[in-house]
Amino acid sequence: GDGHVGGADADLGAAIRASLGEQKKEEFRTLREEQDAAYEESLAIDRMKAQSRREAEEAERQQRKEARRKSREEERQRQERHEELRREVEGYRLRLLSEPEEGAEGAAQVAVRLPCGARLPARRF
């Protein structure tokens, strides 16, 4: 009689302890999964930030590279234009070198006064 009831109580107590143990294990497992998920999410956010930073740095490098290329191209065009003007002036100078003799038929003498009042040397054409 009594031993059987006591045995049942002991079995019930063991079952309750086992159930509580399982519940604690489940709670611990759930907590661990939540922590792991939070850690993975934090890692993913860090990776996205790092990726964004790398992309921004790359975009900035590309902008600097493009600015240098554009600057070189503008300098090349400026030098090219300067050389064109130099050749043009040289061509005019060569055509103007042969100044007619004083008193040559059909020749005219030109004198230029600048707005500041200075005069350029007279020249015959």
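## Exercises on a helical chain

R61 has a relative accessibility of 41% and therefore counts as partly exposed (buried means under 20% relative accessible area, exposed over 50%, and partly exposed in between, with a 1.4 Å probe and protein chains only). The model is predicted, so local features need pLDDT of at least 70 and side-chain atom pairs count only at pLDDT 80 or more, whereas totals for chains, interfaces and linings use all residues. Residues are numbered from 1 along each chain as its sequence is written, and side-chain values use heavy atoms, with hydrogens and water left out.

**Exercise 1.** Determine the secondary structure of the chain and the order of its elements.

*Solution.* Step 1: count the elements. There are one helix and two strands (DSSP runs, H or I of at least four residues for helices and E of at least two for strands, numbered from the N terminus). Step 2: read along the sequence. The pattern is α-β-β. Step 3: locate the helix. Helix α1 covers residues 2-96, and L43 lies in it.

**Exercise 2.** Compare the radius of gyration of the chain with that of a compact globule of 125 residues.

*Solution.* Step 1: take the reference. Such a globule would have a radius of gyration near 14 Å (taken over C-alpha atoms, the rule being 2.2 Å times the number of residues to the power 0.38). Step 2: take the value for the chain, which is 48 Å. Step 3: add the dimensions. Along the principal axes, the C-alpha atoms fill a box of roughly 160 × 30 × 15 Å. Step 4: consider one pair of residues. L43 and V89 stand 46 residues apart in sequence, and their C-alpha atoms are 68 Å apart in space.

**Exercise 3.** Describe burial, contacts and surface in the chain.

*Solution.* Step 1: of the 125 residues, 2% are buried. L43, for example, counts as partly exposed, at 26% relative accessibility. Step 2: among contacts with a separation of 6 or more, 27% join residues 24 or more positions apart (contact means heavy atoms within 4.5 Å). Step 3: about 11300 Å² is exposed, and carbon and sulfur atoms supply 54% of that area (Shrake-Rupley method, 1.4 Å probe; for residues, only the protein chains shown count as cover).

**Exercise 4.** Characterise the charges of the chain and three of its salt bridges.

*Solution.* Step 1: the chain has 27 positive and 29 negative charges, and their mean positions are 11 Å apart. Lys and Arg count as positive, Asp and Glu as negative, and His and the chain ends are not counted; each charge is placed at NZ of Lys, CZ of Arg, CG of Asp or CD of Glu.

Step 2: side chains of opposite charge can pair when their charged atoms come close. The whole structure contains 13 salt bridges (a side-chain nitrogen of Lys or Arg within 4 Å of a carboxyl oxygen of Asp or Glu).

Step 3: D36 and R32 form a salt bridge of 3.5 Å, N to O. They are four residues apart in helix α1, so about one helical turn separates them. D36 is partly exposed at 39%, as is R32 at 46%.

Step 4: R61 bridges to E58, with the closest N and O atoms 2.8 Å apart. These residues are three positions apart in helix α1, again about one helical turn. E58 is partly exposed, at 33%.

Step 5: R86 pairs with E83 in a salt bridge at 2.6 Å between the closest N and O atoms. Here too the spacing is three residues in helix α1, about one helical turn. R86 is partly exposed at 43%, and E83 is partly exposed at 29%.

Step 6: E26, R29 and E33 belong to one network, joined by salt bridges that share partners.
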